[in-house]
Number of protein chains: 2
Amino acid sequence: MSKPIPDIVIGRLPIYLRELSFLADEGVPVTSSHELGKRLGISAAQIRKDLSHFGEFGKQGTGYKVSYLQEQLRRILKVDHEWPVALVGVGDLGRALAHYAGFVNRGFRIVALFDDDPNKIGQRIGDLEISSTDRLAAVVQERGIIVAMIAVPAASAPRVAEACLAAGIRAILNYAPITLKVPEGVLVQYIDPVTHLQRMTHYL
Amino acid sequence: MSKPIPDIVIGRLPIYLRELSFLADEGVPVTSSHELGKRLGISAAQIRKDLSHFGEFGKQGTGYKVSYLQEQLRRILKVDHEWPVALVGVGDLGRALAHYAGFVNRGFRIVALFDDDPNKIGQRIGDLEISSTDRLAAVVQERGIIVAMIAVPAASAPRVAEACLAAGIRAILNYAPITLKVPEGVLVQYIDPVTHLQRMTHYL
DNA sequence: TAGATTGTTAATCGATTAACAATC
DNA sequence: TAGATTGTTAATCGATTAACAATC
């Protein structure tokens, strides 16, 4: 029985993967825990330790082949294929997310848009038409979507989250500035710019 | 000599403060570490321990007066006044941030917009006019701004961050999907939706 | 070979939890 | 008073770092 992988380790892998993409873009074929650590502000020992939870990806004396380590991290994070994502809430932020080109190369594609506002329903953003939130369960189930982004006002977020859960969504990226109540096994990540700002001001 | 406050504790205080606002909105005058913990999915012991770093804010047998604990957390986080914030990058995301009404009640106000695009310079968003990024240092210094949000493409972010540092910015909320190099003493928080999504997919 | 870097172990460091005296 | 909850201590748990044998 293998030891469980700490959450905090999983949390760093996307950062490693992102930096490896930059190295690849720069044409660097091989890197080391020291180089990666220096670029990310993380200790080399930590990077090696983190990776060692999943296997042996480097060569002594040489380091890590960038393309191979990318492949392995994509596999571990399960972004070696594209996840279809539902976006609920097409206000200013939702629109910005819908237009954002940075999802596709990194394992995600927004494939469905939902909003409650009757004036928005039927509007198109790029290839996608905005549907009523009432249609969430039907669309999500039909298309096999299990990842959702919530970009609705705080007041609507608990109801929208419930709808997502009922529809079978298992991972939520929540932009509403509230803590969601979800059952065991459902994953939630939070993005609230104000809490991020407030984490810094104490030190100023 | 008092023990230093762990960063991780500071990181939780904004969440406590946010939840206290909801309790206040609900008209709850007094809460407890258990109630707060239950709502946030955090242990009561941890909340008490976190708060104990800063003083004694509760009453045995009773709990914490919501309004008083809010005041204290605002003071500790230094959001008992409003920080003027510079926003650099007025693309889709920057526009969404510029329109977002949620900053003001929580200690922040965007007071200056910057972009490199000559077509955008001079345009207005609400009360604010978009200035050339060349004017960053002048405006930031004139208005005493030390907090900035960066919402430019990844390729522009290092240069923009340098400009912020040169202008005297000391805390950066970075939406560009790259790790910034900043000197000791400058604070950075990162928001990259893709890394947040990638933290969840491993478990799916 | 000589130099470099991995993967891993053990030591250190820090954070969380459990328990409880104090006390409202 | 009886019940409840804090603030704090000590124990537990987990994460990070340092060091180094293995080896490319």
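**Close-up views of the protein–DNA contacts**

**View 1. Residues around DNA strand D in the predicted model.** DNA strand D is surrounded by 25 residues, of which Ser33(B), Arg48(B), Phe57(B), Gly58(B) and Tyr64(B) come nearest; a residue is near a molecule or strand if one of its heavy atoms lies within 4 Å of it. Of the atoms of DNA strand D within 4 Å of the protein, 62% are sugar or phosphate atoms, and the rest belong to bases. The model is predicted, with local features needing pLDDT of at least 70 and side-chain atom pairs counting only at pLDDT 80 or more, while totals for chains, interfaces and linings use all residues. Residues are numbered from 1 along each chain as its sequence is written, chains are lettered from A and ligands numbered from 1 in the order in which they are written, and side-chain values use heavy atoms, with hydrogens and water left out.

**View 2. Polar contacts to DNA strand D.** A polar contact is a pair of N or O atoms within 3.5 Å; within protein, one must be able to donate a hydrogen and the other to accept it, and residues adjacent in sequence count only if both atoms are side-chain atoms. A phosphate oxygen of DNA strand D lies 2.6 Å from a polar side-chain atom of Ser33(B). The side chain of Glu56(B) has an N or O atom 3.2 Å from a sugar or linking oxygen of the strand. A base nitrogen is contacted from chain A, at 3.2 Å from a side-chain N or O atom of Arg48(A).

**View 3. Make-up of the surface near DNA strand D.** α3(A) gives the most to this surface, with 4 residues; helices (H or I, at least four residues) and strands (E, at least two) are DSSP runs, numbered from the N terminus. The residues divide into 5 nonpolar, 12 polar and 8 charged, where Ala, Val, Leu, Ile, Met, Phe, Trp, Tyr, Cys and Pro count as nonpolar, Asp, Glu, Lys and Arg as charged, and the others, Gly among them, as polar.

**View 4. Surroundings of DNA strand C.** Among the 25 residues around DNA strand C, the closest are Ser33(A), Arg48(A), Phe57(A), Gly58(A) and Tyr64(A). Of the strand atoms that come within 4 Å of the protein, 63% are sugar and phosphate. A polar backbone atom of Phe57(A) is 2.9 Å from a phosphate oxygen of DNA strand C, and a polar side-chain atom of Ser43(B) is 3.1 Å from a phosphate oxygen of this strand. α3(B) gives the most to the surface near DNA strand C, with 4 residues.
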